[in-house]
Amino acid sequence: IISVWFDWRRTRDLMSVLALTGFFYLLALDAGSIFVWFDPKVAGRPIQRFPFTHQGLMRAEWLCVLAWVGFAIGYHARWFKFLRIKPLELRAASRDAGSYALILLYVIGWAARIAGISRGLYFHVAPQNSVEATSSTANQIVYVLGSLPLISVAYLGIRSSTNTRLRRWYVLALLLELGFALPSGTRSGVISVLVLALAVSYYANRRFPLRIAVLATLVGLFFVFPVLYLYRNSHAKSENTSYGVSDLSGGVATYTSSGFTSAMLFGVESTLSRFSDIETPAALQDGGRRAYPIASGETIAWFFENYIPHAIDPNKPTVGQFANNLGYALRLTSARDSSIATTQIGEMYLNFGTGGVLLALMILGSVYREINDWLSLRRRNPAVLAVFAAFAYSIIHSQEAIIAIGLGGLIRDLVVIVVLINGLAWLLTQTSPRKSTKCDKALA
């Protein structure tokens with residue numbers, strides 16, 4: 001909180017990358033620690049779900065404090081400023097080209113989503129969402145292109161702040177995105193839409209939308225996450241069969257029929273259980289680095305290797321299996337087909353130990369500062385703001401995985417999306433440089 005306040009005094013930006021990261025630490029690591037601490041399954045001895053003790057949990061929490069100090073120092077130090085990365089500018093050569101580009105992005109994005117459904121990549125259940133199904137280059141392209149509609153929706157929301165006639169279309173587009181994300185059972189899909197609406201409202205209206213933030217938090221805490229928990233567990237092989245339901249409507253019915261008090265308590269429990277990223281660092285504190293021995297810096301090398309397609313280097317490691325194997329080795333999961341939130345803290349501790357966590361997070365803090373400054377024109381460039389809003393949660397979510405997948409995937413997706421937007425705008429300008437459209441006037 002102190003670090004975010006200091007950054008706000010300097011930038012007057014409550015949704016900077018440092019603030020988003022601070023929110024991740026506060027919710028996923030601190031609030032998650034409180035939930036795990038009072039969970040009856042943790043009683044000072046290893047158990048089936050949590051193979052660590054209260055002492056290991058406390059040591060992990062201090063490790064997270066050390067990691068945050070390193071991240072904040074690196075963020076403000078800007079060790080990579082010598083690269084002189086210029087802020088991103090997305091400006092169409094003509095207004096017509098920009099309007100056509102947004103429509104094409106939306107169409108391409110939905111075509112990719114349909115392709116993903118046909119390839120079994122939609123539902124958050126095995127085997128459709130297994131490592132084998134998602135590691136191919138073709139499927140990764142489908143995932144990247146599937147985020148394009150979020151950019152178009154965000155841009156529509158930005159324009160609706162000055163054009164009241166577009167607001168109803170923006171609200172309908174948001175509801176459509178939520179309607180698409182909910183049945184998939186993915187937490188990130190739902191949160192991405194909520195964070196998008198928050199970012200658009202904050203930057204477009206020049207003030208923090210406290211009512212929207214509170215409303216989104218309450219809806220997520222007491223409805224979205226409990227229902228998703230019930231929905232996902234209806235497809236999972238779990239001992240918890242009392243909440244099993246057959247579909248999403250069954251999840252809603254089961255949750256709403258449990259009584260007000262039970263529903264509220266279950267909402268808090270199911271939400272915090274999904275944000276308990278402290279589990280991996282805690283298990284490593286009790287089990288030690290020998291629980292899953294790797295060479296120092298091994299997963300760091302994967303960051304660069306992961307950009308090489310399997311078709312070119314078929315022998316490169318399948319980094320998507322790391323979280324599955326680590327969770328199984330630490331006894332956080334009972335099978336290798338389930339993954340865990342490795343977190344950058346857990347990854348760096350596994351590679352370099354406690355001292356390495358501080359140094360590594362300093363470097364990562366500087367990397368995320370460059371991402372923040374690259375998108376710094378979001379305050380006055382609507383297209384840059386649309387990209388930032390669409391990827392705001394991805395910035396948070398990237399810190400739950402090893403850097404080869406989380407940070408590496410974030411950088412890859414941002415670069416691909418920006419190149420695609422600029423390419424479409426240029427192509428449309430060349431093909432129809434003088435043509436005026438009614439659609440452009442509506443979007444403007």
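**Aromatic pairs, salt bridges and nonpolar groupings**

In this predicted model, F71 and Y368 are both buried. These two residues make a good starting point, as their rings form an aromatic pair of the tilted kind, with 5.7 Å from centre to centre and 45 degrees between the planes. The partners come from distant parts of the chain: F71 belongs to helix α3, whereas Y368 belongs to helix α16 (residues 344-374), and 297 residues separate them in sequence. A second tilted pair is made by F80 and F82, whose ring centres are 6.4 Å apart and whose planes meet at 45 degrees. How much of F80 is accessible? F80 has a relative accessible area of 23%, so it is partly exposed. F82 reaches 58% relative accessibility and therefore counts as exposed, because the cut-off for that word is over 50%. In total, the count of aromatic pairs comes to 14. Aromatic residues also gather into a wider grouping: F24, Y25, W68, F71, Y75 and Y368 form one aromatic cluster. The buried residues F71 and Y368 are thus met again as members of this cluster.

Charged residues come next. Side chains of opposite charge can pair when their charged atoms come close. The count of salt bridges in the model is 9. One of them joins D286 to R59, with the closest N and O atoms 2.7 Å apart. Because D286 sits in helix α13 (residues 279-287) and R59 in helix α3, this pair ties together parts of the chain that are 227 residues apart in sequence. Are the two partners buried or exposed? The answer lies in between: D286, at 31% relative accessibility, counts as partly exposed, and R59 is partly exposed too, with a relative accessible area of 37%.

Another salt bridge brings the side chains of R78 and D373 together, at 3.5 Å from N to O. R78 is found in the loop between α3 and α4 (95-118) and D373 in helix α16, so parts that are 295 residues apart in sequence are tied together by this pair. With 26% relative accessibility, R78 counts as partly exposed. D373 counts as buried, because its 17% relative accessibility falls under the 20% cut-off. A third example is the salt bridge in which the side chains of R412 and D413 meet, at 2.9 Å from N to O. Here R412 is partly exposed, with a relative accessible area of 26%, whereas D413 is buried, with a relative accessible area of 16%. Salt bridges can also share partners, and in this way R78, R369, E370 and D373 are joined into one network.

Helix α3 also holds H54. This histidine has a relative accessible area of 18%, so it is buried. Which distance separates H54 from A282 in space? Although their positions lie 228 residues apart in sequence, the C-alpha atoms of H54 and A282 are 8.8 Å apart.

Attention now turns to nonpolar residues, beginning with the interior. The largest nonpolar core has 103 residues, and I151 and L196 are the members that touch the most others. Which helix supplies the largest share of this core? Helix α17 (residues 382-397) does, with 13 residues. For I151, the partners can be named: once neighbours within four places in sequence are left aside, I151 is in contact with A386, V387, A390, F391, I417 and I421.

Nonpolar side chains are found on the surface as well. There, I34, W37, F38, M58, W62, V65, V69 and I73 form a nonpolar patch, and together they have about 820 Å² of accessible area. Two helices, α2 (17-38) and α3 (54-77), each supply at least two residues of the patch. Helix α3 contributes the most, with 5 residues. W37, one of the patch residues, has its place in helix α2. The relative accessible area of W37 is 34%, so W37 is partly exposed.

Helix α3 is a useful thread through these results. This helix holds F71 of the tilted pair with Y368, R59 of the salt bridge with D286 and the buried H54, and it gives the most residues to the nonpolar patch.

Technical notes. Residues are numbered from 1 along each chain as its sequence is written. This is a predicted model: local features need pLDDT of at least 70, side-chain atom pairs count only at pLDDT 80 or more; totals for chains, interfaces and linings use all residues. Side-chain values use heavy atoms; hydrogens and water are left out. A nonpolar core is a set of buried Ala, Val, Leu, Ile, Met, Phe, Trp, Tyr and Cys residues joined through side-chain atoms within 4.5 Å. Buried means under 20% relative accessible area, exposed over 50%, partly exposed in between (1.4 Å probe, protein chains only). Helices (H or I, at least four residues) and strands (E, at least two) are DSSP runs, numbered from the N terminus. Contact means heavy atoms within 4.5 Å. Patches are made of residues with over 30% relative accessible area and no salt bridge: like charges are joined within 9 Å, nonpolar side chains (Val, Leu, Ile, Met, Phe, Trp, Tyr) within 5 Å. Accessible areas come from the Shrake-Rupley method with a 1.4 Å probe; for residues, only the protein chains shown count as cover. A salt bridge is a side-chain nitrogen of Lys or Arg within 4 Å of a carboxyl oxygen of Asp or Glu. Rings of Phe, Tyr and Trp (its six-membered ring) pair if their centres lie within 6.5 Å; planes under 30 degrees apart count as stacked, over 60 as edge-to-face and the rest as tilted.
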